Amino acid sequence: MLSYPAAIPLSSRTLNHLADRIRSYRQQRRSRWRRLNPGHQALLVLAHLRNGDTYTRLAAGFDIGISTAWRYVQEAIALLSSAADDLDTAMRRIRLLAYAILDGTLIPIDRVADQRPYYCGKHKRHGVNVQLIADVVGRLVWASAALPGSTHDLTAARTHGIIDALTSADVMTFADKGYQGARGSVRTPFKRRRFRPKLSRRQKAVNRAHAKIRACGERAIATLKSWKVLAKLHCCPRRATAIVQAILVLHHVEANRYAG
């Protein structure tokens, strides 16, 4: 089998952070000798999450078995996801923002036993729905747990308690038309209806200004999906939440904005 050197677009700070967590976990468990030290295990996990390398490729590159590579990745994801902030903790930072941007995205997935709940009619594919909160310049602040892809964005936001939390904190929030009816502190653009086939000039101007603000939220989605493992998850949908939360922790460490 041929091999070649590859790069991971992350800093050594992220690698050291993950390696320290793995090292502490091994010391706590009094783990015996393993094929890879904490640093190499952390490198393997980052190659999987950031570059989307498969377990077969990782096993060949690190000279370990495929099952060992899978176990190392799942162990690190569990460690990282357990450190992710819940919504209440994240609201301590969100309420300090001038305003927030709320948006949802679909993460494609292939291994679906009960396919109907995970099929998104809008995107014409199976996936899971993840809600994101971004700051004024589009930096990712928080990501929710994953729900079946057929879940509407407004329903998902209400299920996670995002609408109530933002309203209680009195945080002005901009969202797209999918959140029509959210009320509270959530602001959505004007929408044409049967009894209002045309928007006024003022309403169109408001929609344009609203779109410019909300466009920054697309950066948060792009930031999340820059982790190539989310291009299409090849796992059980129940694992999607842990993967997203683990990536959120690593992203904050890498950005060094919201960590700690």
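**Helix packing, strand pairing and local contacts in the predicted model**

The buried residues of helix H4 (66-81) are covered by surroundings that include H1, H2, helix H3 (55-62) and H11. This description, like all that follows, refers to a predicted model. The buried set of H4 comprises Thr68, Ala69, Tyr72, Val73, Gln74, Glu75, Ala76, Ile77, Leu79 and Leu80. H4 is built from 16 residues, and the distance from its first C-alpha to its last is 23 Å, close to the 22 Å expected at 1.5 Å a residue.

Helix H1 (residues 12-29) contains 18 residues and spans 26 Å between its first and last C-alpha, close to the 26 Å that would be expected at 1.5 Å a residue. Thr14, Leu18, Ala19, Ile22, Tyr25 and Arg26 are the buried residues of this helix. Because these residues cover an arc of only 125 degrees around the axis, they are placed on the same side of H1. Ser12, Gln27 and Gln28, by contrast, are exposed on the other side of H1. The partners against which the buried residues of H1 pack are helix H2 (38-51), helix H4 (66-81) and helix H11 (240-255), and H1 is in turn listed among the elements that cover the buried residues of H4. The residue that follows H1 is Arg30, which has a positive phi near 55 degrees.

Among the strands, S3 (residues 125-134) has eight of its ten residues buried, and it is therefore largely enclosed by the rest of the structure. The pairing of S3 with S1 is antiparallel and extends over eight bridges; within it, Leu102 has Ile133 of S3 as its bridge partner. Strand S2 (residues 119-120) is also joined to S3 in the antiparallel sense, by two bridges, and here Cys120 stands opposite Arg125 of S3. S2 and S3 form a hairpin in which four residues lie between the strands, and Lys124, in the turn, has a positive phi of about 60 degrees.

S3 pairs further with strand S4 (residues 140-143), again antiparallel, through three bridges, with Leu140 of S4 as the bridge partner of Ala134. The hairpin of S3 and S4 has five residues between the strands, and within this hairpin Gly138 adopts a positive phi near 90 degrees. Strand S5 (residues 147-148) runs antiparallel to S3 and is joined to it by two bridges, and Leu147 of S5 is the bridge partner of Asn129.

A search of the whole structure for aromatic pairs returned one such pair. This pair is formed by Tyr99 and Phe174, whose ring centres are 5.2 Å apart and whose planes stand at 80 degrees, so that the arrangement is edge-to-face. Since Tyr99 belongs to the loop between helix H5 (87-94) and strand S1 (100-108), whereas Phe174 belongs to strand S6 (residues 173-174), the pair ties together parts that are 75 residues apart in sequence. With a relative accessible area of 22%, Tyr99 is partly exposed, while Phe174, at 14% relative accessibility, counts as buried; the two values fall on either side of the 20% limit under which a residue is taken as buried. A further contact that involves an aromatic ring is found at Trp227, over whose ring the charged end of Arg50 sits, 5.0 Å from the ring centre.

Positive phi values also occur in loops on both sides of S6 in the sequence. Asp170, in the loop between helix H8 (162-168) and S6, has a phi near 55 degrees, which is a positive value in a residue other than glycine. Asp170 is exposed, its relative accessible area being 66%. Arg183, which lies in the loop between S6 and strand S7 (186-187), likewise is not a glycine and yet has a positive phi of about 60 degrees. Arg183 counts as exposed, at 68% relative accessibility.

How values were computed: Residues are numbered from 1 along each chain as its sequence is written. This is a predicted model: local features need pLDDT of at least 70, side-chain atom pairs count only at pLDDT 80 or more; totals for chains, interfaces and linings use all residues. Side-chain values use heavy atoms; hydrogens and water are left out. Rings of Phe, Tyr and Trp (its six-membered ring) pair if their centres lie within 6.5 Å; planes under 30 degrees apart count as stacked, over 60 as edge-to-face and the rest as tilted. Buried means under 20% relative accessible area, exposed over 50%, partly exposed in between (1.4 Å probe, protein chains only). A charge sits over a ring if NZ of Lys or CZ of Arg is within 6 Å of the ring centre and within 35 degrees of the ring normal. The expected span of a helix is 1.5 Å times one less than its number of residues. The arc is that of the directions from the helix axis to the C-beta atoms. Contact means heavy atoms within 4.5 Å. Two strands pair if DSSP finds at least two bridges between them.
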